[in-house]
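Here is a short report on a metal site and a strand beside it. Look over the sequence and the model first.

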Amino acid sequence: MQTGNSKDFDNLCGVDPLVKIFSDLISFDTKADGSSKTVPSSVGQLRFGAYLSSAISELGYDSKQDEHGVVTVKVPASEGCEKAKSLCLLAHMDTAPDCSGANVKPRLVRKYSGDGIKLDNGLTITQSFCPELASHIGEDIIVTDGTTLLGADDKAGIACLLLLLRNLKTDSSLKHGPLKIIFSVDEEIGLSTKYLDVKNIDCDYAITVDGTELGELDVATFNAYGAIVKFHGTSVHTAVAYKNLVNAITLATEFIGMLPRDEKPENTRDKEGFYHVHGFEGEVESSRIKMIIRDFTDEGMKKRLDFVKSAVDFLNNKYGQGRVELDLQFQYANMEAVLKQNQEILDICTKAYKDAGVKVVLKSVRGGTDGSNLSNQGLPTPNIFTGGLNCHGPYECLPVDSFNSSYKVVEALVKRMSKNKSSKAKK
Ligand SMILES: [Zn+2]
């Protein structure tokens with residue numbers, strides 16, 4: 001069994017500028033709050049954005065934080081690259097609502113042996129829990145003390161972009177076209193792209209730096225809908241319930257029972273879609289379930305939506321019209337088709353991975369990224385890895401070599417983009 005050490009982490013900060021930046025960033029608590037009515041959903045994100053914006057302004061950039069908390073940095077092209085295609089790089093400031101992000105205490109595991117990693121509070125990260133660790137034996141890995149998440153999702157992405165901004169000022173060999181850097185809010189609660197305007201971004205391509213394992217290049221995401229299904233019962237004293245009582249809890253469980261057993265998240269993987277009931281509240285008089293529906297293909301999604309509608313119709317026919325109400329909400333769409341029509345950005349990414357010495361692994365994300373919505377709004381936006389693993393909980397960890405490779409890819413991307421001439425005139 002190995003353990004992490006805070007001194008080793010501090011020592012690493014002294015020699016690794018990317019890790020030093022990361023260490024500063026994770027001291028901010030930016031947990032998103034899905035129940036909040038404010039924008040952004042937590043004041044921590046606002047404070048963090050203000051810190052980033054002023055730190056970036058001090059570097060000599062035009063940086064602004066808007067009324068939603070989103071930070072945008074404009075970087076004019078370097079001399080001779082004014083006609084290059086423009087690129088927007090994005091990372092999100094919030095952390096997942098599922099786990100605390102306050103008082104994060106990073107530890108460094110030196111030369112990972114392949115055994116379990118015991119966190120300070122007794123939790124253990126094993127390879128059976130995180131098989132990706134097998135490819136990081138011998139490497140240094142940043143972990144938590146077990147009481148919070150680490151925040152690599154997505155402060156690792158922000159750290160890469162901050163280091164880029166810093167290096168663009170000091171390294172004249174780092175040629176680049178027009179760039180925009182955006183730090184978004186509330187990505188973890190699905191709201192980030194609501195506060196981004198593709199027209200305002202006004203770039204040829206975008207890339208999110210918000211990934212997982214070394215080498216991943218995310219080119220496809222789920223199509224996603226959310227649904228709220230309401231069930232209306234008739235509450236009658238049980239003494240006279242015979243043929244009169246309609247129990248809204250029974251209706252809800254009957255509905256859930258109709259969903260295909262094999263098509264739940266816990267029973268699906270790879271390119272398989274699912275139905276996932278993630279909330280239930282109910283009494284005899286009324287009950288309500290919350291669910292999400294996911295599928296990679298348009299036809300598959302249509303079939304799933306039709307299935308849910310037909311289940312609702314079935315129950316309304318059985319128990320009386322109006323007993324069941326369905327409210328479907330579109331969440332995001334797969335970006336794959338848009339990216340396929342914009343092969344150029346995928347080619348640039350692939351070449352950049354190669355430049356950085358990273359083997360590219362094209363991936364379909366079993367979720368969404370900011371790129372899902374941005375791509376479908378006309379801004380092709382694949383996602384690149386940061387190296388972070390086990391995000392959203394205390395097992396989150398960040399292999400240091402992968403993290404540095406993520407930065408190298410970002411730098412290589414910017415260089416590659418500077419060579420792609422734009423056909424349209426850019427402001
Ligand atoms: Zn993320």
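## Strand β4 and the zinc site

Strand β4 (residues 87–92) is mostly covered, with 6 of its 6 residues buried. Buried means under 20% relative accessible area, exposed over 50%, and partly exposed in between (1.4 Å probe, protein chains only). Strands (E, at least two residues) and helices (H or I, at least four) are DSSP runs, numbered from the N terminus.

This is a predicted model: local features need pLDDT of at least 70, side-chain atom pairs count only at pLDDT 80 or more, and totals for chains, interfaces and linings use all residues. Residues are numbered from 1 along each chain as its sequence is written, and side-chain values use heavy atoms, with hydrogens and water left out.

L87, L89 and A91 point one way from β4; C88, L90 and H92 point the other way. Two strands pair if DSSP finds at least two bridges between them.

| Partner of β4 | Sense and bridges | Opposite L87 |
|---|---|---|
| β9 (residues 179–184) | parallel, 6 bridges | L179 |
| β10 | parallel, 4 bridges | Y205 |

H92 (NE2) also coordinates the zinc ion, along with D153 (OD), D210 (OD) and D210 (OD), at 2.0 to 2.6 Å. Donors are N, O and S atoms within 2.8 Å of the metal (3.2 Å for Na, K and Ca); water is not among the atoms, so sites may look incomplete. The spacing along the chain is H-x60-D-x56-D. D153 lies in helix α4 (residues 152–170) and D210 in the loop between β10 (205–209) and β11 (216–220), 57 residues apart. D153 counts as buried because its relative accessibility is 13%. D210 is buried too, at 16%.
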